[in-house]
Amino acid sequence: TNNIGPNGARALAGMLSDNSTLTEINLNTNNIGPNGARALAGMLSDNSTLTEINLNTNNIGPNGARALAGMLSDNSTLTKLDLSDNRFGVAGATAFADSLRTNSTLTSLNLSHNDISDAGVTSFADALHTNSTLTYLGLYSDNITDFIQNNKFWELTKINARTNSREGARRQKIILRIKWMVNAEDEDEAGAQYEAAIALALEEIGSLPEPEHRRELFHTLLGSTGRGKDVAASV
């Protein structure tokens with residue numbers, strides 16, 4: 001800890017703009033604030049050597065989080081980013097969730113202790129349907145009470161961790177999404193969710209060239225209903 005503040009972060013960003021060898025930096029607890037975060041984000045948008053950055057406990061707030069999240073759309077080398085304990089709340093979490101829809105290199109993102117709450121977790125569960133590279137997402141002590149959404153994003157990151165191809169991950173997530181629709185716990189929404197599951201299955205069936213994949217999809221769609229079990233067994 002050197003308490004370099006926003007001015008130090010700007011100076012460091014300027015130096016790292018020409019860096020071609022350094023791969024990791026640790027700036028935890030340096031009070032860089034949102035302005036320092038913006039300076040580093042600008043540098044990281046063009047940097048092609050840094051792979052790991054620790055910025056935990058730096059008071060970057062929502063504006064600093066938005067800047068760093070926007071950077072992830074341009075950066076193609078960063079694999080590990082620690083932003084725990086930075087007070088950016090739901091606004092910052094939503095920005096990072098949006099960035100994960102397009103980023104294809106980040107594998108580890110720690111956003112613990114940022115008061116992200118249930119709304120933030122829901123945004124990550126949605127984003128991870130399309131992201132196929134993130135294998136660790138830290139959201140500890142973030143005021144999360146919706147354990148259904150919490151379990152969803154854990155299942156999605158597990159698929160990323162164990163699947164070797166983007167298409168394979170996409171296929172498994174489609175089947176998992178259909179499973180969640182079919183098993184909707186809210187009775188008032190169950191009918192609409194099942195109709196949505198059927199529509200999604202019909203939309204995806206053409207992208208599953210292997211018979212076993214099509215069978216898995218139909219078993220997921222039909223296997224948990226009374227009549228569906230017999231239909232699924234004959235597919």
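## The chain overall

Out of 235 residues in the protein chain, 46% count as buried. What you're looking at is a predicted model, so everything here is read off predicted coordinates. The secondary structure comes to 10 helices and 5 strands.

As for how the chain folds back on itself, take the contacts between residues at least 6 apart in sequence: 76% of those join residues at least 24 apart.

## Helices α2, α3 and α4

Start with α2, which covers residues 33-44. Its axis and that of α3 sit 8 Å apart, at an angle of about 5°. An angle like that makes α2 roughly parallel to α3, because anything under 35 degrees counts that way. On the α2 side, the residues involved are Pro 34, Ala 37, Arg 38, Ala 41 and Leu 44. They meet Asn 63, Gly 64, Ala 67, Leu 68 and Met 71 of α3. Sorted by class, this α2 and α3 contact has 7 nonpolar, 2 polar and 1 charged residues.

Now move on to α3 (residues 61-71) and α4 (residues 89-100), whose axes come within 8 Å and cross at roughly 5°. That makes α3 roughly parallel to α4. From α3, the contact uses Pro 62, Ala 65, Arg 66, Leu 68 and Ala 69, while α4 brings in Ala 91, Gly 92, Ala 95, Phe 96 and Ser 99. The class count for α3 with α4 is 7 nonpolar, 2 polar and 1 charged residues. Leu 68 is worth a look: it is listed in the contact of α3 with α4 and also among the α3 residues that meet α2.

## An aromatic pair

Phe 96, one of the α4 residues in the contact with α3, turns up again when you look at the rings. The model has 1 aromatic pair. Its partners are Phe 88 and Phe 96, with ring centres 5.8 Å apart and planes at 45°, so the pair is tilted. Both of these Phe residues are buried.

## The loop between α5 and β5

Helix α5 (117-127) and strand β5 (136-138) are linked by a loop that holds Ser 132. Thr 133 lies in that loop between α5 and β5 too. Ser 132 has a relative accessibility of 16%, so it counts as buried, the cut-off being 20%. Its side chain makes a polar contact of 3.3 Å with the side chain of Arg 166. Leaving aside residues up to four places away in sequence, Ser 132 touches Asn 160, Arg 166, Ala 169 and Lys 173.

Thr 133 has a polar side-chain atom that lies 3.3 Å from the backbone oxygen of Leu 106. With residues up to four places away again set aside, Thr 133 touches Asn 103, Ser 104, Thr 105, Leu 106, Thr 107 and Asn 160. Asn 160, then, is touched by Ser 132 and by Thr 133.

## Leu 176 in helix α7

Helix α7 spans residues 166-182, and Leu 176 is found in it. Leu 176 is buried, because its relative accessible area is 9% and the cut-off is 20%. Not counting residues up to four places away in sequence, Leu 176 touches Glu 155, Leu 156 and Ile 159.

His 129 and Leu 176 are 47 residues apart along the chain. In space, their C-alpha atoms are separated by 9.7 Å.

Technical notes
Residues are numbered from 1 along each chain as its sequence is written. This is a predicted model: local features need pLDDT of at least 70, side-chain atom pairs count only at pLDDT 80 or more; totals for chains, interfaces and linings use all residues. Side-chain values use heavy atoms; hydrogens and water are left out. Helices (H or I, at least four residues) and strands (E, at least two) are DSSP runs, numbered from the N terminus. Buried means under 20% relative accessible area, exposed over 50%, partly exposed in between (1.4 Å probe, protein chains only). Contact means heavy atoms within 4.5 Å. Axes are lines fitted to C-alpha atoms, for helices over the stretch in contact, and angles run from 0 to 180 degrees between N-to-C directions. Angles under 35 degrees count as roughly parallel, over 145 as roughly antiparallel, 65 to 115 as roughly perpendicular and the rest as oblique. Ala, Val, Leu, Ile, Met, Phe, Trp, Tyr, Cys and Pro count as nonpolar, Asp, Glu, Lys and Arg as charged, and the others, Gly among them, as polar. Rings of Phe, Tyr and Trp (its six-membered ring) pair if their centres lie within 6.5 Å; planes under 30 degrees apart count as stacked, over 60 as edge-to-face and the rest as tilted. A polar contact is a pair of N or O atoms within 3.5 Å; within protein, one must be able to donate a hydrogen and the other to accept it, and residues adjacent in sequence count only if both atoms are side-chain atoms.
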